[in-house]
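Hi everyone, thanks for coming. Today I'd like to walk you through some charged pairs and one helix packing. Have a look at the model first.

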Amino acid sequence: MVKNITDIELADYIDRAVLHPTSTLEQVKEACNEAIRYNFPAVCVYPTAVREAAEILHNQQTQVCAVIGFPSGASTGAVKLYEAQEAVEKGATELDVVINLGWLKEGKTEAIYKEIAQICEETGQTVKAILETNVLTNTEKRLAAEICMDAGVSFLKTSTGWFGGATVEDVRLLQEVSQGRVGIKASGGIRTPQQAIALIQAGATRLGTSRGAALIQLRGQESEIVES
């Protein structure tokens with residue numbers, strides 16, 4: 001999937017992340033206001049910040065996204081489901097759920113399917129499955145993607161960002177596996193407009209980053225240089 005660079009509006013792709021362990025509610029507020037300014041698709045926060053983010057983004061197009069089982073994915077299914085349901089009750093309309101990576105390594109594919117499917121079914125919201133591609137083989141990435149799509153997710157997400165960021169190669173692999181059936185969120189380590197554009201051209205339909213405004217501003221500076 002290749003898009004013309006001049007046709008790419010980065011703001012249309014950015015899930016503005018506020019996921020550092022020391023993130024404060026003031027930083028969440030700043031991120032929400034930034035998202036409103038640039039009309040980002042979503043702001044991605046910890047469950048503890050969902051209510052505040054939802055209040056700020058009320059009547060805005062930007063969605064509130066909560067991370068679930070973040071960052072290890074090793075919570076029990078019951079805990080993840082409760083966390084997801086509570087986040088939805090507080091105003092989240094998107095859920096970025098880390099799959100159980102240990103189960104994947106052990107071949108417990110049915111357990112992964114049931115966990116993700118239950119969250120999809122019982123919340124009724126947009127679910128993005130975080131695969132943590134940096135710790136998986138290509139075979140495991142393909143398997144995880146197929147399980148999560150069968151379970152009903154709306155997006156496949158590359159990474160939490162804690163164990164390495166998104167790569168063009170992984171986005172291409174997920175695009176090849178998904179064949180457009182679901183969206184692809186590239187997340188982690190996106191620091192320049194060039195990286196962001198390369199990921200979009202490879203097939204990413206969302207970008208998870210804490211540098212949303214910086215990417216937009218840098219892109220604008222590059223355009224000014226080219227035009228001058």
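Before we start on pairs, one definition: I call it a salt bridge when a side-chain nitrogen of Lys or Arg sits within 4 Å of a carboxyl oxygen of Asp or Glu. Please also keep in mind that what you see is a predicted model.

Let's begin with K128. By that definition, K128 forms a salt bridge with D96, with the closest N and O atoms 3.0 Å apart. K128 lies in strand β5 and D96 in strand β4, so this pair ties together parts that are 32 residues apart in sequence. Are these two residues buried or exposed? Both K128 and D96 are buried.

K128 has another partner, too. A salt bridge also joins K128 to E94, and here the closest N and O atoms are 2.6 Å apart. Again the pair links distant parts of the chain: K128 is in strand β5, residues 126-130, and E94 is in strand β4, residues 94-98, with their positions 34 residues apart in the sequence numbering. E94 is buried, as is K128.

Now zoom out a little. Which residues are linked with K128 in a network of salt bridges? The network consists of D15, E94, D96, K128, K157, K185 and R206. For the whole structure, the count is 16 salt bridges.

Here is one more pair from that count. E34 forms a salt bridge with R16, and the closest N and O atoms are 2.9 Å apart. E34 belongs to helix α1, residues 25-38, while R16 belongs to strand β1, residues 14-18, so the pair ties together parts that are 18 residues apart in sequence. Both E34 and R16 are buried.

Let me finish with two helices. The axes of helix α6, residues 138-151, and helix α7, residues 168-178, come within 10 Å and cross at roughly 45 degrees. An angle that is neither under 35 degrees, nor over 145, nor from 65 to 115 counts as oblique, and α6 and α7 are therefore oblique to each other. Their crossing is right-handed.

Who meets whom there? On the α6 side we have N138, K141, R142, A145, E146 and M149, and they meet D170, L173, L174, E176, V177 and S178 of α7. By character, the residues of this contact split into five nonpolar, two polar and five charged.

That's my tour, and I'm happy to take questions.

Key. Residues are numbered from 1 along each chain as its sequence is written. This is a predicted model: local features need pLDDT of at least 70, side-chain atom pairs count only at pLDDT 80 or more; totals for chains, interfaces and linings use all residues. Side-chain values use heavy atoms; hydrogens and water are left out. Helices (H or I, at least four residues) and strands (E, at least two) are DSSP runs, numbered from the N terminus. Buried means under 20% relative accessible area, exposed over 50%, partly exposed in between (1.4 Å probe, protein chains only). Axes are lines fitted to C-alpha atoms, for helices over the stretch in contact, and angles run from 0 to 180 degrees between N-to-C directions. A crossing is left-handed if the near helix is turned anticlockwise from the far one by less than a right angle, and right-handed if clockwise. Contact means heavy atoms within 4.5 Å. Ala, Val, Leu, Ile, Met, Phe, Trp, Tyr, Cys and Pro count as nonpolar, Asp, Glu, Lys and Arg as charged, and the others, Gly among them, as polar.
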